[in-house]
Amino acid sequence: MSNFPDRWPFPERRSIEGRYCRLEPLDPAIHGDGLFDVVSGSEADRLHRWLPDPVPGSRPEFDEWLVSKAASTDPMFYAVIDKATGRVEGRQGLMDISTAYGSAEIGHILWGPRIAGTRVATEAFFLMADYVFGLGYRRYQWRCNANNGPSRRAAERFGYTYEGVFRNHMVVKGESRDTAWYSIIDEEWPRYRAAYERWLQADNFDSEGRQRARLNELRQDALPITSVND
């Protein structure tokens, strides 16, 4: 007899609080000005290179995008708030939510230059993953263009298992896209969670915010010890 529920719960639109950042459901009135500054700055072309969204050509064009995304439940968009400054520094979405099978995906990630590669962005990833697995979900996906090297390296750093490539999977911005697939599953998350919590501790960073122990090192330390019988 199956122990699986008939349905997994659908995620709520609510804020998720961390040590360094807070995820807030995207709200045009609250997040519009700050997010526009992030997505339309000097690095806008680079930040949008692999996203389905074009660089906004104007504030009205961005506002049209913002209103539609704030109303969406799948993807469910969140603003990433740096708690040290109170500023909006990016956005990300929870998408392909399957309450029938207990799976979801993080996507539509745009972490601005001030938080990309920092503990703020890592915690933004962790908070969403931990929320999903806390709902009892079985699978947390990551998908990206197979040519997107930075995204693939990020997936590996976050602990995802590479599952392969769907060739000619999509057409995005007029380009054929092969899609690389990655996943973390529920049985892996408890030890990954312990590694994230240790990595995010304040004493893991020096006065300049540089990490002392790497996340992948802590994740390896958290792997279960197995024995082999001769």
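Here are three short exercises on a predicted model, each with a worked solution. Local features need pLDDT of at least 70, side-chain atom pairs count only at pLDDT 80 or more, and totals for chains, interfaces and linings use all residues. Residues are numbered from 1 along each chain as its sequence is written, and side-chain values use heavy atoms, leaving out hydrogens and water.

**Exercise 1.** Find which strands stand at the edges of the sheet.

*Solution.* Start with the order, which is β1-β2-β3-β4-β5-β6-β8-β7 in an open sheet of eight strands with mixed pairing. β1 (16-17) and β7 (161-172) each have a single partner strand, so one side of each has no neighbour in the sheet. Strands are DSSP runs (E, at least two residues), and helices are runs of H or I with at least four; two strands pair if DSSP finds at least two bridges between them.

**Exercise 2.** Work out how β3 and β4 run and how many bridges join them.

*Solution.* Take β3 (residues 76-82) and β4 (residues 87-98): they run antiparallel, joined by seven bridges. Then look at Phe77, which stands opposite Gly93 in β4.

**Exercise 3.** Sort out which residues of α5 are buried and which exposed residues its opposite face carries.

*Solution.* Buried means under 20% relative accessible area and exposed over 50% (1.4 Å probe, protein chains only). The buried residues of α5 are Ser151, Arg152, Ala155 and Phe158. They cover an arc of only 130° around the axis, judged by directions from the helix axis to the C-beta atoms, so they lie on the same side of α5. The face turned away from that buried side carries the exposed Pro150 and Arg153. Finally, look just past the helix: Gly159 follows α5 and has a positive phi, near 105°.
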